[in-house]
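This report describes the surroundings of a ligand, the arrangement of domains and one helical residue. The sequence and structure are shown first.

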Amino acid sequence: MKILVTGAAGFLGLRLIEALLQRGSLSNRAGNAQPITRIVAFDRVPLSGIDDPRVEVVCGDIADPEVLNNLIDAQTDSIFHLAAVVSSQAEQDFELGMRINFTATQNMLERIRIIGSCPKWVMTSSVAVFGGQLPEQVEDQQVWAPQSSYGTQKAMNDLLLADYSRRGFVDGRSLRMPTIVVRPGKPNMAASSFASGIIREPLNGEPSVCPVPVETRLWLMSPAQAISNLIKGHELPAERLKQGRVINMPGLSITVEQMIDALRRTAGDEVAGRIRLERNPAIERIVGSWPGSFCATYAKSLGFTADHDFADVIGQFMAEYPPQVA
Ligand SMILES: NC(=O)c1ccc[n+]([C@@H]2O[C@H](COP(=O)([O-])OP(=O)(O)OC[C@H]3O[C@@H](n4cnc5c(N)ncnc54)[C@H](O)[C@@H]3O)[C@@H](O)[C@H]2O)c1
């Protein structure tokens with residue numbers, strides 16, 4: 001089986017490739033498990049840390065149609081499309097966001113339509129497609145009303161994928177991901193970057209700023225759950241997707257205050273004391289427009305799963321990235 005992963009060098013892309021290599025097989029459109037013989041790992045930047053003969057690293061700009069022509073061919077059985085620019089970046093640079101987050105997806109789908117091979121396709125949408133007046137817990141039928149360019153681009157992708165799937169051009173699945181924490185490394189330009197930062201930086205002995213009120217409720221998922229759900233999304237037979245190709249993922253609903261409490265319980269007062277509250281209106285506006293809780297009834301009926309305890313999520317991070325200071 002030949003699999004294309006875009007955004008391969010990113011937070012989720014790298015983890016997904018590791019998980020696919022370890023798993024060794026995926027089911028094809030007929031539902032039969034097939035060995036993974038080749039993973040085309042595509043990103044703008046080279047990916048590091050994976051040394052496996054099944055992985056072919058390809059670097060390029062996903063917005064370049066020429067690049068896509070070489071990337072996707074009739075042998076491409078499955079695509080995990082993860083490449084994107086994050087929310088604040090797409091808000092600051094409208095053209096970049098449109099080009100990478102929307103036009104590239106459209107070009108990829110067009111390339112697939114022209115080839116006519118109808119591969120499986122899994123992509124990551126976002127809770128940022130929702131906004132405006134929202135109930136406390138968002139139902140699957142909630143009308144989309146993005147309050148950011150990133151959310152709008154994700155919503156447009158969702159619509160396109162649903163229609164290309166309805167027409168039989170692609171066998172698509174779009175998973176509406178919660179904010180994924182705890183992300184390792186440096187802060188990024190996602191408006192939700194602080195959700196990882198308020199855990200990661202204090203654990204590493206560094207100060208961290210929380211830019212939203214502590215009552216803000218977030219919808220979260222751990223990296224391990226995200227990868228397991230991405231693979232689950234691929235493996236589901238198309239016949240089971242009766243309520244559509246766009247699926248709100250289950251998640252963990254938690255306030256920032258509860259996150260800080262969990263950090264305090266797990267790592268102590270001194271660590272939690274490294275968080276400074278300093279509101280940032282731009283971030284507050286974007287993050288405050290996102291729902292903090294979903295029913296995710298459809299996803300649960302399909303077998304997607306969520307984390308249940310934020311302390312466990314912190315524990316997973318600490319096990320994978322032991323704190324740099326005691
Ligand atoms: N991490 C989250 O909390 C979260 C939540 C919801 C949805 N998502 C979505 O999941 C996907 C993966 O997220 P992530 O956290 O791994 O993001 P990430 O930023 O770590 O990875 C995205 C990758 O896309 C690549 N990329 C950007 N522009 C490109 C271009 N022009 N050509 C080729 N590659 C390019 C980047 O180099 C990066 O490696 C994204 O689509 C994101 O919108 C993430």
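## Ligand shell and domain arrangement

In this predicted model, the residues of the shell around the ligand comprise 14 nonpolar, six polar and three charged. Gly7, Gly10, Ala84, Thr124 and Met177 come nearest among the 23 residues around the ligand. Two or more residues of this shell are given by each of α1 (11-23), β7 (120-126) and β9 (179-180). Helix α1 contributes the largest share, three residues.

The protein chain is divided into two parts, domain 1 and domain 2. Their segments and their contributions to the contact are as follows.

| Domain | Residue ranges | Residues in the contact |
|---|---|---|
| Domain 1 | 2-180 + 223-248 | 25 residues |
| Domain 2 | 193-217 + 252-320 | 19 residues |

The centres of domain 1 and domain 2, taken over C-alpha atoms, are separated by 25 Å. On the side of domain 1 that touches domain 2, at least two residues each are supplied by α3 (87-92), α7 (223-235) and β12 (246-248). Of the elements on this side, α7 gives the most, with five residues. The residues on this side of domain 1 divide into eleven polar, eight nonpolar and six charged.

A separate point concerns Leu159, which lies in helix α5 (residues 149-166). Leu159 counts as partly exposed because 13 C-beta neighbours lie inside 10 Å. Val143 is 16 residues apart from Leu159 along the chain, and the C-alpha atoms of the two are separated by 13 Å.

Key: Residues numbered from 1 in each chain as written. Predicted model: local features only at pLDDT ≥ 70, side-chain atom pairs only at ≥ 80, totals over all residues. Near = placed C-beta within 6 Å. Helix = DSSP H or I, 4+ residues; strand = E, 2+ residues; numbered from the N terminus. Nonpolar A, V, L, I, M, F, W, Y, C, P; charged D, E, K, R; others polar. Buried ≥ 20, exposed ≤ 12 C-beta atoms within 10 Å, placed from the backbone. Domains from an automatic or database assignment. Contact = placed C-beta atoms within 7 Å.
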